[in-house]
Structure formats: structure tokens, C-alpha cells
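Trainee: I would like to go through this model contact by contact. Please give the cut-offs as we go.

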Amino acid sequence: MPGLSDQEIDLIAQRIVADLSGRGGAASGKSEKPSSIPSAVGEMGIFGTIDEAVKAASVAFCQYDQMGLQKRNDVIASIRKSMREHGDALARMAWEETGLGRYEDKVKKNKLVTEKTPGTEDLPSRSITGDDGLTLMELAPYGVIGAITPTTNPTSTIINNTIAMLAAGNSVVFNVHPNAKRVSCYNVAIINKAIVAAGGPRNLICCITNPTVESAQGLMKHPGVRLVVVTGGGGVVKAAMESGKRAICAGPGNPPSVVDETADIDKAARDIVAGASFDNNVICTDEKECLVVSSVADKLVKAMTYNGAYLITKEQLPAVEKVLFTKQYGPRQEADIDRSLIGKNASVILQKAGIRCDDSIRLGICEVDHDHPLLWTEQMMPIFPVTRVRDADEGIDFALQLEHPRRHTFSMHSETLSNLSRMARECNASIFVKNGPNYAGLGFGGEGFTSFTIASPTGEGLTGPHSFSRWRRCTLVGAFRIV
Ligand code: NAD
């Protein structure tokens with residue numbers, strides 16, 4: 001199918017949208033393989049059932065496996081080129097379909113994963129030589145990966161996972177989030193186009209038109225899937241761990257940010273507002289609460305209001321709580337939040353609580369005591385609690401509790417090495433950011449590669465091609481040492 005024009009791609013996307021919006025059998029649930037799905041869609045990696053998708057990805061894997069490293073590099077270069085061209089449109093589609101986050105931030109996320117997801121350079125081989133000869137160790141693909149993606153970062157996770165998994169030589173079947181299936185199918189289709197344009201096999205990445213929690217579980221258990229990779233909340237992590245397969249699990253976080261009295265307070269305020277409001281707080285690594293040493297708390301809060309935050313007063317807080325929570329379980333417990341508010345602009349949420357403000361407000365902040373459920377809940381919306389602590393040590397101790405511990409992401413603003421050092425060690429997290437917004441830990445304004453699948457429960461941390469590979473060893477006895 002090389003040479004599909006952009007018009008043809010658009011036509012396919014329109015047909016996918018038509019199918020998904022109920023004119024085809026898939027969306028209406030009448031048939032697993034609706035006849036209305038055009039055959040071309042199957043060639044673009046989009047199928048009616050998990051079984052069809054896994055079979056196609058298995059064929060593609062066998063072809064890809066014969067093609068060598070240079071072809072992998074060509075395929076990845078072509079995907080990056082295509083995502084540079086389509087990243088803005090994908091961001092808009094994701095924003096429109098999910099209703100989460102901010103379009104302009106989704107553009108940044110797509111750019112980040114397009115440029116900073118590692119390729120085959122992340123697969124170093126090892127050699128061991130000695131009197132007994134030479135042993136070579138190389139990172140090999142698993143085969144077909146079953147990947148489950150979230151609604152909060154639908155396209156950035158697909159782009160990131162695809163580049164990393166294909167760099168490692170695998171093929172992949174995505175079970176995307178049902179609330180993001182149109183943009184995700186479109187993303188899969190145009191990536192397939194880029195792969196084929198580079199001479200790669202068809203259907204190297206696949207998805208299904210009507211993903212559900214049940215189809216995700218079917219994918220995890222499918223005998224053709226060698227590795228399960230999930231990015232989402234606690235439920236999907238649990239399901240993956242029970243799948244009986246090797247699983248890489250990227251689960252929820254609740255990142256605390258500690259500010260001590262030695263921090264550059266103006267910069268800390270700027271960084272925290274920028275980080276906590278990034279894509280309206282839906283990213284798992286975004287700051288979810290702030291613990292500030294009392295002596296600088298007033299200064300920090302004031303500085304946050306100079307940088308795009310609205311301070312919710314004590315009098316206004318009950319109305320905001322009423323809007324945010326559907327159920328509370330008492331002090332120091334996670335509360336149930338109104339999920340329709342996840343990822344909405346701060347102004348929308350505040351206006352619901354009767355607070356007049358305009359859309360220039362990036363973040364609503366409120367001062368709360370240590371028992372307040374907003375501190376303990378992964379809210380994923382730009383309403384951000386700030387609480388006072390006696391000193392940095394109390395801040396660190398309390399931050400560890402607030403994180404549950406999930407060992408996901410923490411940050412600290414301080415000029416005191418011993419405080420930074422203690423927190424870095426004791427938070428024991430996949431990401432710890434010092435003196436910057438948390439997104440710096442994703443390689444956005446900070447050094448290092450990026451990942452949108454940060455696997456804390458299973459320990460891989462920021463995943464990359466090396467995570468989606470298995471070590472193989474080859475030993476030659478008694479020869480080939482050159483010294
Ligand atoms: P979600 O858990 O609702 O959905 C994620 C995916 O898992 C979806 O495709 C969904 O269909 C599937 N799923 C959900 N429950 C399942 C089950 N029991 N069995 C099989 N599949 C199931 O999460 P979401 O709302 O899309 O994303 C937000 C959550 O994901 C937050 O908790 C966030 O912290 C987390 N997240 C983590 C990372 C990370 O890298 N650690 C990245 C993004 C999001």
C-alpha cells in the first residue's frame with residue numbers, strides 16, 4: 001500500500017469515524033467484524049477484532065524481524081517525519097474527542113515524544129571476553145506486544161510506545177482507550193502509512209475499531225501476545241499483573257512538590273504553576289499538591305497568583321469541594337471526584353463553583369490542612385492544594401505519605417543540598433525533579449529522553465526500547481579474545 005495519498009488517508013479516517021459513530025456494526029456492537037469497515041482499513045492496522053489484529057501483527061513481526069537494524073532506523077525516521085507533520089492535527093483531534101486538557105499543551109506533548117523517544121541507539125550490546133573466549137549479549141524483540149493506552153495522553157502514548165517498541169524490533173497491537181478511539185485509530189492509520197512508505201511491513205502496529213475493557217483483557221491473554229504493556233490507572237495495572245504474561249505496568253501517581261525556605265520562591269511558584277497546569281494536570285507526572293515550609297508559604301502563594309494561579313479563599317472552598325467531590329471517605333482518604341471535570345480548564349471548574357474568572361487563569365489553588373482529601377487524591381484537574389509544613393523534614397515525611405506510596409514522581413524546590421539529597425533518596429521514585437517543573441523529568445526542559453509510559457509498579461521507570469527487549473546471550477568457547 002505504499003503511496004497512499006493524504007486524501008486517501010483522510011477518506012479512511014472519515015470511514016473510521018463513520019463506523020465508530022454507529023453507522024457501522026462495530027460501534028453498535030452488533031458484530032465483531034462489521035462489514036462496513038473498508039478493507040483498506042485492515043491494511044492500515046485497524047481491525048474489527050483483537051484476534052485479527054494479533055494475527056496481522058504476528059505476520060508483520062515475522063517480516064520486520066528479517067529486515068535488519070537499518071530498516072528499523074528508516075521506519076522510525078519516517079514515523080518521526082509523519083508525526084512532525086500530523087502532530088498538531090492529532091493534538092486537536094485528541095482534545096476535541098476526549099474533552100481533556102489543552103490543545104496547545106497536547107501539541108507540545110506530541111512534539112516531545114516525536115523528537116525525544118529513543119530509537120535503536122538505546123539497544124547497546126555487551127561483550128565479555130576472557131581466557132574462556134567471548135560472550136556476546138544483545139537485546140532482542142519479544143514479538144507482538146499488547147499495549148493498553150490511556151485517555152489522558154492518547155496520541156502521545158501511541159507515538160511514544162510505537163517508536164520505542166518498533167526500535168526494539170517488535171510489532172504492537174494497541175487496545176486504546178474507548179474515549180479516544182477515533183483519534184487513536186487515525187493515529188495508528190497514519191503511522192502505518194509512514195512505516196510502509198519507509199519499506200516496512202503493513203500492520204506493524206494495529207488496533208481495533210471498538211476497544212473496551214473486555215477487549216483489553218482479551219488482548220492481554222491472547223496467546224499471540226508475548227509482552228503486555230499498560231499505561232493507566234490502578235485497575236488496568238492489576239489486570240495486567242494477573243494476565244499471566246510478562247507485564248510492564250505504568251500506573252497512577254500523586255506527585256507532591258516540596259518547597260523549603262531556601263528555595264528561589266518566585267521561580268518555584270512559576271515552575272509549580274507551569275507544571276501543575278500543564279495539559280490541565282492530566283499527566284501522571286504533573287504536580288498534584290504542594291507542601292511549603294510555613295515561613296515562606298505566604299510568599300509562595302502570592303507568587304503563584306502572579307504567575308497564572310487564582311487563590312480560592314477559605315470562604316469559597318466549600319463550594320469548590322462540592323463541585324469536585326462526588327463522595328468523600330473522611331480525613332486522609334482519597335475522595336471520589338466528578339470525573340466529568342478531569343482535564344477541564346480551571347476557569348470552567350471555578351465558574352461551576354460560582355467563582356468568576358477568565359480563561360487566563362491556568363490553575364486554581366487553595367490552602368488546606370493535612371487531612372484534606374484533595375491532597376490525597378490524584379485529581380487530574382487544575383485545582384491544586386497547598387499545605388504548610390514546619391520544615392523540609394516534615395515536608396519530605398508528609399510527601400511520602402501523600403504519594404501512598406506509588407514511587408512515581410516527586411519534586412523539591414530548595415537551595416539546600418542536604419534537603420534535596422534526603423528527598424531524592426527517600427522518595428525512591430521513578431522521577432525526582434529538583435528546582436524545575438515536573439515535566440522537566442520527562443525531558444521537556446530537562447535533560448534526557450522522554451517516555452509516556454513510566455512503569456513504577458514493575459520497576460522499569462521511564463520505558464524505552466531497552467524495556468521492550470529481552471537479553472540474549474551467545475557464548476563462543478575458547479576463542480575470539482584479541483588480547
Ligand atoms: P484508565 O485506567 O481508566 O484507562 C487506561 C486504559 O486501561 C484504557 O485503555 C482502559 O480501557 C483500560 N482499562 C481500564 N481498566 C481496565 C481493566 N480492569 N482491565 C483492562 N483494561 C482496563 O486510565 P485513564 O483515565 O485513561 O488514564 C489516567 C490514569 O492513568 C491516571 O491514574 C494516570 O496517573 C495514569 N497514567 C499513568 C501513566 C504512567 O506513565 N505511569 C501515564 C499516563 C496515565
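Trainee: How many residues lie between S2 and S3 in their hairpin?

Mentor: This is a predicted model, in which local features need pLDDT of at least 70 and side-chain atom pairs count only at pLDDT 80 or more, while totals for chains, interfaces and linings use all residues. Residues are numbered from 1 along each chain as its sequence is written, and side-chain values use heavy atoms, with hydrogens and water left out. Strand S2 covers residues 126-130 and strand S3 residues 133-141, and they pair in the antiparallel sense over five bridges (strands pair if DSSP finds at least two bridges between them; helices, H or I, are DSSP runs of at least four residues and strands, E, of at least two, numbered from the N terminus). The number of residues between S2 and S3 in the hairpin is two.

Trainee: Which residue in S3 stands opposite Arg-126?

Mentor: S2 and S3 run antiparallel, with five bridges. Opposite Arg-126, in S3, stands Met-137.

Trainee: What is the strand order of the open sheet of six strands?

Mentor: Its edge strands are S1 (46-47) and S8 (246-250), each of which pairs on one side only. S4 (residues 144-148) and S7 (residues 227-231) pair in the parallel sense over four bridges, and Gly-146 has Val-228 in S7 as its bridge partner. The pairing in the sheet is parallel, and the order is S1-S6-S5-S4-S7-S8.

Trainee: On which residue is the kink in H5 centred?

Mentor: Helix H5 (residues 68-98) has 31 residues, and its end C-alpha atoms are only 38 Å apart, short of the 45 Å of a straight helix (the expected span is 1.5 Å times one less than the number of residues). The kink is about 55°, where the bend is the angle between axes fitted to the seven residues ending at a residue and the seven starting there. Its centre is His-86.

Trainee: Why is the pair of Phe-278 and Phe-444 stacked?

Mentor: Rings of Phe, Tyr and Trp (its six-membered ring) pair if their centres lie within 6.5 Å; planes under 30 degrees apart count as stacked, over 60 as edge-to-face and the rest as tilted. The ring centres of Phe-278 and Phe-444 are 5.6 Å apart, and the pair is stacked because the planes are at 20°.

Trainee: Is Trp-376 buried or exposed?

Mentor: Buried means under 20% relative accessible area, exposed over 50%, and partly exposed in between (1.4 Å probe, protein chains only). The rings of Trp-376 and Phe-398 form an edge-to-face pair, with centres 5.7 Å apart and planes at 75°. Phe-398 has a relative accessible area of 4% and is buried. With 6% relative accessibility, Trp-376 is buried.

Trainee: Which residue does Glu-96 meet in a salt bridge?

Mentor: A salt bridge is a side-chain nitrogen of Lys or Arg within 4 Å of a carboxyl oxygen of Asp or Glu. Glu-96 and its partner are four residues apart in helix H5, so about one helical turn separates Glu-96 from Arg-92. At 4.0 Å, N to O, the partner of Glu-96 is Arg-92.

Trainee: What is the N to O distance between Arg-422 and Asp-393?

Mentor: Arg-422 lies in helix H17 (residues 417-427) and Asp-393 in helix H16, 29 residues apart. Arg-422 is buried at 17% relative accessibility, whereas Asp-393 is partly exposed at 39%. Their side chains meet in a salt bridge, N to O, at 2.7 Å.
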